[in-house]
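User: I am new to this structure and would like a close look at a single part of it, taken slowly. Please keep to the sheet and whatever bears on it.

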Amino acid sequence: MNKSELIDQIADSADISKAAATRALEAMVEAVKTTLQDGGEVSLVGFGTFYVGKRAARTGRNPQTGASVKIAAAQVPKFRAGKGLKDAVN
């Protein structure tokens with residue numbers, strides 16, 4: 001499912017216009033981004049939790065030349081599925 005299909009699904013299930021569904025989805029995504037940028041986490045009970053993880057610095061290899069490359073430490077967005085989502089999938 002891509003973004004436009006998700007918007008169609010939201011509009012149909014919530015009985016709202018596609019424009020309103022688009023605004024709602026964009027607002028939700030923006031709220032998650034802002035919270036993660038501030039170092040917080042977003043928990044949706046029964047669905048899951050969005051949080052920021054830390055990736056340590058490491059040494060990688062350039063596959064073309066075989067030369068060592070230093071990869072800097074980074075903060076990465078992560079998602080941990082909740083029990084409700086896990087149960088729905090299984």
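In what order do the strands of the open sheet stand, and in which sense do they pair?

Analyst: A word on the model comes before the sheet itself. This is a predicted model, and the protein averages a pLDDT of 96, with 100% of the residues scoring at least 70. Confidence is highest in helix α2 (residues 18-37), at a mean of 97, and lowest in helix α3 (residues 83-89), where the mean is 95.

The open sheet is formed by 3 strands in the order β1-β2-β5, and their pairing is antiparallel. β1 and β5 stand at the edges and have a single partner strand each, so one side of each is left without a neighbour in the sheet. On average, and with direction ignored, neighbouring strands of this sheet are turned by 30° against each other. Helix α2 packs on the sheet, where it touches β1, β2 and β5, and the direction of α2 makes about 40° with that of β2.

Taking the pairs in turn, strand β1, which covers residues 42-44, is joined to strand β2, residues 48-55, over 3 bridges in the antiparallel sense. Within this pair, V42 stands opposite F50 of β2. The hairpin of β1 and β2 has 3 residues between the strands, and in that hairpin G46 takes a positive phi near 85°. On to the other pair: β2 and strand β5, residues 74-81, are antiparallel as well and pair over 8 bridges. Here F50 stands opposite F79 in β5, so F50 can be followed from one pairing to the other, having V42 as its counterpart in the pair with β1.

F50 also leads to the space beside these elements, as F50 is one of the residues that line the largest pocket, together with L25, M28, V29, V32 and K33. That pocket holds about 150 Å³ of space. Helix α2, the helix that packs on the sheet, gives the most to the lining of the largest pocket, with 5 residues. Sorted by class, the lining has 5 nonpolar residues, 1 charged residue and no polar ones.

A further pair of strands may help with orientation along the chain. Strand β3 (residues 58-61) and strand β4 (residues 68-71) pair in the antiparallel sense over 4 bridges, and the bridge partner of T59 in β4 is K70. Their hairpin has 6 residues between the strands, and G66 takes a positive phi near 80° there.

Notes. Residues are numbered from 1 along each chain as its sequence is written. This is a predicted model: local features need pLDDT of at least 70, side-chain atom pairs count only at pLDDT 80 or more; totals for chains, interfaces and linings use all residues. Side-chain values use heavy atoms; hydrogens and water are left out. Two strands pair if DSSP finds at least two bridges between them. Helices (H or I, at least four residues) and strands (E, at least two) are DSSP runs, numbered from the N terminus. pLDDT is the predictor's confidence in each residue, from 0 to 100. On a 1 Å grid over the protein atoms alone, a cavity is a set of points where a 1.4 Å probe fits but cannot get out, and a pocket is an open set with protein on both sides within 12 Å along at least five of seven lines; lining residues have an atom within 4 Å of a point. Grid points are joined across faces, edges and corners, and a volume is the space filled by probe spheres set on the points. Ala, Val, Leu, Ile, Met, Phe, Trp, Tyr, Cys and Pro count as nonpolar, Asp, Glu, Lys and Arg as charged, and the others, Gly among them, as polar. Axes are lines fitted to C-alpha atoms, for helices over the stretch in contact, and angles run from 0 to 180 degrees between N-to-C directions. Contact means heavy atoms within 4.5 Å.
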